[in-house]
Each structure stands twice: as structure tokens, then as C-alpha cells.
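Visitor: Could you walk me through the ligand site in this one? I'd like a close look at what surrounds the ligand and how the contacts are made.

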Amino acid sequence: MRRCVETVIVGAGHAGLALSWALTEAGREHVLLERGRVGERWRSARWDSLALLTPNWANRLPGDPPPADPDAFEDRAGFVARLDAYARSFDAPVLEHTPVTSVERHEVGFRVRTEGADLFAANVVVATGWCDVPAIPAAAAGVPDGVAHLHTAAYRNPAQLAPGGVLVVGAGATGQQLAYELAAAGRDVTLASGKHSRAVRRYRGRDTWAWMRDLGILDDEQRHPRRPPEASLPLDGRGGGRDLDLGVLQRLGVRLAGRVERFDDHGRAHFDAGLPERVEDAERRFRRLLERIDRHVAEHALRLPAAPAIPPVRVDALPRALDLRAEGIGTVLWATGYRRHHPWLRVPVAPVGGDIVHERGLTAVPGLYVLGMQWQTRRISHQIGGVGPDALAIADHIVSAGAVPTRLRRAA
Ligand SMILES: Cc1cc2nc3c(=O)[nH]c(=O)nc-3n(C[C@H](O)[C@H](O)[C@H](O)COP(=O)(O)OP(=O)(O)OC[C@H]3O[C@@H](n4cnc5c(N)ncnc54)[C@H](O)[C@@H]3O)c2cc1C
């Protein structure tokens with residue numbers, strides 16, 4: 001099958017759908033190609049008990065009505081259902097189970113190949129996600145025989161794991177949430193932590209996400225290009241939103257360790273010695289945020305509860321090496337994040353580590369866009385509530401670029 005369409009959107013997660021909404025509003029022809037189903041990542045690459053860490057008010061997509069319960073946290077199944085309903089609400093032209101196998105330049109546009117069809121398009125928007133493919137460190141090659149290992153994208157629930165203890169590697173929001181879940185399920189958990197952050201769910205009666213909005217942090221556009229990536233805030237939406245940090249985890253029995261450096265030939269995991277400094281660094285950044293909030297409360301004379309005393313996180317007696325089998329550790333769980341990977345994109349716009357080079361979503365190749373990247377325009381551009389303005393801007397760009405050239409229509 002050969003067909004010409006003005007715009008192809010690759011991926012029907014929240015980003016692709018938000019753009020589809022904007023193009024539908026503008027009356028512009030487009031199609032979304034999705035290798036799985038709408039919201040596939042939330043169906044197949046997230047664990048069973050996941051609840052969004054952002055409250056409902058923060059998760060609105062363009063055209064979404066206000067949520068019934070703005071301060072609640074939606075669970076995974078609820079969010080999948082909401083994405084389905086969103087797509088249906090404007091009859092989004094999604095072709096499900098249609099993986100894109102290549103995108104290449106063609107005449108004045110692009111040729112997009114899928115298993116069943118060739119599409120010719122004036123515009124292609126890559127919306128395949130900031131959290132695209134698992135990033136697993138090279139050290140994984142040394143995990144001893146007899147110890148299972150998997151990335152969190154493949155983790156569903158504690159019962160799925162081999163019997164015994166679990167070494168969770170990575171203390172971002174995912175690593176801390178899963179260390180909590182596994183320890184609460186009775187597993188012996190060791191959490192290996194590199195750079196991480198500290199947060200509380202609520203402070204002075206308000207959710208931390210709401211404070212970050214009020215302080216302008218969510219809409220921050222000022223990322224310095226050479227600033228290293230920030231550690232995600234360990235916020236947890238489960239149980240209506242609860243506190244989570246290394247202190248909470250230690251009280252639950254989780255053993256802390258530094259960053260995994262390597263596994264040796266005797267089945268031992270080796271950890272670096274830098275965790276105490278990193279805990280202090282997380283504490284400093286956390287206290288700076290609380291001070292900003294306190295200043296904001298004072299400047300605006302807000303009548304809110306007084307600042308509570310929050311004890312610092314303390315760590316001591318950290319292991320530098322652990323014999324995994326002797327410790328009864330049956331699984332290593334890589335909570336080490338994601339990277340972008342577009343082997344099907346045969347247009348030279350992604351030279352560095354898989355990340356597409358772009359300026360506010362526009363690549364150097366006219367008609368080729370990317371959407372849903374962290375810091376695309378703002379700190380929360382990759383998040384559910386952050387994609388709307390970027391989707392509208394790309395839709396405007398597509399509209400002002402004009403109709404599909406006749407030469408491309410003829411190619412189909
Ligand atoms: C564990 C976890 C929890 C998160 N929790 C929150 C949260 O609480 N709040 C929040 O705001 N953000 C959260 N995020 C961040 C972000 O919102 C999600 O990563 C979200 O899935 C990104 O949406 P997206 O549409 O950009 O990409 P995705 O949801 O990843 O959608 C991309 C789509 O592209 C499809 N695709 C990929 N390759 C192809 C191809 N070749 N052909 C066709 N289709 C393809 C995929 O199947 C997928 O459906 C979380 C991220 C993770 C990893």
C-alpha cells in the first residue's frame with residue numbers, strides 16, 4: 001500500500017496524541033503510527049502497582065477537561081484508560097500495531113516505511129518518548145551466573161522475581177519506589193545509589209509539585225546546555241501520595257550502598273565510597289528548595305502550617321563489596337533509566353548518543369520534528385502536563401509550512 005499524508009507522527013503516547021489533537025483542531029491531515037497500542041509504554045513497560053508521581057491537575061493534555069479529583073494520583077490502568085479515551089474524544093487517526101521500520105528523505109518530504117505500507121509525508125514528527133529504551137550500564141556483563149538481572153522496564157511485581165534478595169541499582173524515583181515495594185513485600189533489598197535527590201510529598205500543607213509550579217520551577221526554560229542531567233525527585237503517588245527517601249527506605253530495612261562499579265570473577269559486587277557526599281548534596285538541594293518555599297510563603301503572607309522539622313537523612317556502615325550469592329541476592333534490578341534510540345531514522349539528525357539534535361523540536365531538516373524531549377523548551381517538556389505547549393507550537397509550524405507539495409502526492 002502506498003499513500004501520501006501531510007504529517008506522520010511516530011508514536012501514540014501522550015506526546016503524539018497531544019500533537020494529533022492540535023492538528024485535528026487545525027483541520028490538518030495526519031496519521032499516528034504506533035507499533036503497539038495507544039499508550040503502549042504504560043501497558044507494557046511499567047510495573048503493575050505504578051501510580052503517577054504527578055497529581056491529576058498536572059497531567060492535563062491539550063483539550064482535556066479539568067480532572068474530577070485534581071489532587072489525586074492516577075494509577076497505571078487509569079492513565080491507560082484516559083489515553084484511550086483522549087484518543088477517542090477527537091477520533092485520533094491512529095494505526096495501531098504498525099511499527100515504523102524506516103524514515104528516509106524522499107523528494108521534498110519523507111518516505112516512511114512500515115511492515116505493511118509505504119507512506120509519503122511532508123512532515124514527520126518523532127514522538128517515540130524520552131524514556132525510550134532501557135539504559136543498562138556495561139557492568140551488567142559481569143553479573144554472576146545464577147543471579148538474574150533485568151531492567152525496570154521489564155519488572156512487573158515482586159512475585160515475578162527469582163527468590164531471595166534484590167540489588168536495586170539506581171536511586172531515582174523508579175529505584176526508590178521499587179526498593180520500597182520489594183522491601184514491603186518481604187524481600188531483602190540493597191539499594192545502590194549514585195547521584196540522587198531528596199523530596200517530601202507535601203510541605204506546609206501543599207504538594208511538592210504544586211510548590212514547584214508556584215515557584216516557576218516546572219516552567220523553567222533556563223537549562224544550561226552543559227549542566228549535567230538532574231536526578232529525578234523521588235516522589236511517589238501510591239497510597240494517595242506518600243513520602244519516600246533514603247531515610248524512609250532505611251527504616252523499612254533497605255540496606256544502602258554506593259554506586260555499582262563492577263562485578264568481579266568471584267561473584268562480588270563492588271560499590272564506590274561516594275554515597276555520604278551524595279547524600280549531603282541531595283540534602284543541600286532539598287533544603288534549598290524548602291528555603292525557597294518558606295521565602296515564598298513569607299513574601300506572599302500565605303496562611304499555611306508552620307515549617308515542620310524534617311530530620312536529615314543519615315547513612316553509615318556502607319558495604320564496599322557484597323558476595324551476591326552468599327548474601328542470598330537472586331536478582332539485580334537495573335533502575336538506571338532510559339536512552340533514545342532511533343535505528344529506523346535514516347535522516348542524519350541524531351549523531352550524539354542517539355539524541356536527535358533539535359532546537360525547540362525543530363531539526364535541521366525541514367519537516368522533521370521531535371516532540372516530548374526533556375528540556376525541549378521547558379524542564380517538564382517530556383512530562384504529561386508539559387507537552388501541550390510544545391505540541392501546539394509544532395502544530396503551528398506545520399500549519400504555516402503549508403500543504404503537501406504536488407510532487408510528493410504524485411510519488412505516492
Ligand atoms: C516509570 C516512569 C514513570 C513516569 N511517571 C510519570 C508521571 O508520573 N508523570 C509524568 O508527567 N511523567 C512521567 N513519566 C515520564 C513521561 O511522562 C513518560 O515517559 C511518557 O511515557 C512519555 O510519553 P511520550 O508520549 O513522550 O512517549 P511514550 O509514552 O514512550 O510513547 C512513545 C510511543 O512510541 C511508540 N514507538 C516507539 N518506537 C516506534 C516505532 N518505531 N514505530 C511506531 N511506534 C513506535 C511506543 O510504542 C510508544 O507507545 C514517567 C516515566 C517513566 C519511565
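**Around the ligand**

Guide: Let's start with a backbone contact: a polar backbone atom of Ile384 sits 2.9 Å from an oxygen atom of the ligand. Keep in mind that this is a predicted model. Side chains join in too. Thr54 has a side-chain N or O atom 2.8 Å from a nitrogen atom of the ligand, while for Trp42 the side-chain N or O atom is 3.3 Å from a ligand oxygen. As for cover, the ligand on its own has 990 Å² of accessible area, and the protein covers 95% of that.

So who makes up the shell? Two elements give two or more residues to it: helix H1, spanning 14-25, and helix H2, spanning 40-44. H2 supplies the largest share, with 3 residues. There are 31 residues around the ligand, and the ones that come nearest are Glu34, Arg41, Leu53, Thr54 and Val100. Thr54, then, is on that nearest list as well as making the 2.8 Å side-chain contact with the ligand nitrogen.

Now the chemistry of the lining, which you'll probably want for setting up your own calculations. The shell residues split into 16 nonpolar, 10 polar and 5 charged. Put that next to the polar contacts and you get a picture of a ligand with 95% of its accessible area covered by the protein, ringed by a shell with 16 nonpolar residues, and with polar contacts that include the backbone of Ile384 and the side chains of Trp42 and Thr54.

Notes. Residues numbered from 1 in each chain as written. Predicted model: local features only at pLDDT ≥ 70, side-chain atom pairs only at ≥ 80, totals over all residues. Heavy atoms only, no water. Near = heavy atom within 4 Å. Polar contact = N/O pair within 3.5 Å; in protein donor to acceptor, adjacent residues only side chain to side chain. Areas by Shrake-Rupley, 256 points an atom, 1.4 Å probe, with all protein chains shown as cover. Helix = DSSP H or I, 4+ residues; strand = E, 2+ residues; numbered from the N terminus. Nonpolar A, V, L, I, M, F, W, Y, C, P; charged D, E, K, R; others polar.
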